[in-house]
Amino acid sequence: MSIENGTQAVAAPPVTKRTPPKAKARQLAKYLRSERPDYDYMKQVFRHLRTELGVEIPRAPKRLPYVPTEEEIRRYYEAVWQARRSGDVVLIKTLLYTGVRVSELVHIRLEDVDLDACRIRINRGKGDKDRVVPFPPAFKEALALHADATRQKGAQYLFESSWDKPYSDRGVRAILARYAAAAGMAQPISPHKLRHFLFTWLKKQGIDDALIQPYSGHAKRQSLEVYSRLAINEAQQSYDEVIGRFPV
């Protein structure tokens, strides 16, 4: 303890010299080797060890995702439309209207598209869960023409490359990046940003989270009870009521 400017300052505690991690691991190994530990056992041991020592896991602060504005989405889609590549138009509109993840988009099969109900089935999405997502009736004709043309080529997936293989995540991202550059976007456009835009836009239209949940693919533990009672028909009705005002 020292005195500075008439006040008492508490001296910092001395820094204890730590054993190097590798050497400490060797010491611990002597105690654990007889247990014949595997990965799961070690994981549990160190989880309880952190609790005993009061060691907290540092977590990076969550940042709000960048969400494009309506004006940016209109400018972006204008670049897509001017390119006159019908397959790209349908692909990007599918992302915009459904909010599916890119990993889900590339696995949509032609048989998953229900044109009568204006729905697409997503098989084994995030969390290995199935769900259905709606699209607006006004998009039905363009999607039907694209699906028919793709089917006539012998394709199985809704979006396939000229090599008769489903698009890859990387390929879809490259398509989106090309149009972002053509539109002079200040921020790159990714599939997830289009997903953020749709759900943010739906919320601005007054649609409750409980109605977005069935087709968003999000799983919130505290909301599972109310979400489990909602049928996709109810969710799609609210979607259909507002999607006519969508900027694209």
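**Exercise 1.** At roughly what angle do the axes of helix H4 (residues 86-98) and helix H6 (residues 140-152) cross?

*Before you start.* This is a predicted model, in which local features need pLDDT of at least 70, side-chain atom pairs count only at pLDDT 80 or more, and totals for chains, interfaces and linings use all residues. Residues are numbered from 1 along each chain as its sequence is written, and side-chain values use heavy atoms, with hydrogens and water left out.

*Solution.*
1. Take the helices as DSSP runs (H or I, at least four residues), numbered from the N terminus.
2. Fit lines to the C-alpha atoms over the stretch in contact; angles run from 0 to 180 degrees between N-to-C directions.
3. The axes of H4 and H6 come within 10 Å and cross at roughly 125°.
4. Angles under 35 degrees count as roughly parallel, over 145 as roughly antiparallel, 65 to 115 as roughly perpendicular and the rest as oblique. H4 and H6 are therefore oblique to each other.

**Exercise 2.** Find the residues of H4 and H6 that make the contact.

*Solution.*
1. Look for heavy atoms within 4.5 Å.
2. H4 contributes Gly87, Val90 and Thr94, while H6 contributes Ala142, Leu143 and His146.

**Exercise 3.** Which helix gives the most to the largest nonpolar core?

*Solution.*
1. Such a core is a set of buried (under 20% relative accessible area, 1.4 Å probe, protein chains only) Ala, Val, Leu, Ile, Met, Phe, Trp, Tyr and Cys residues joined through side-chain atoms within 4.5 Å.
2. The core has 50 residues, and Ile92 is among those that touch the most other members.
3. H4 gives the most, with seven residues.

Note on methods:
Helices (H or I, at least four residues) and strands (E, at least two) are DSSP runs, numbered from the N terminus.
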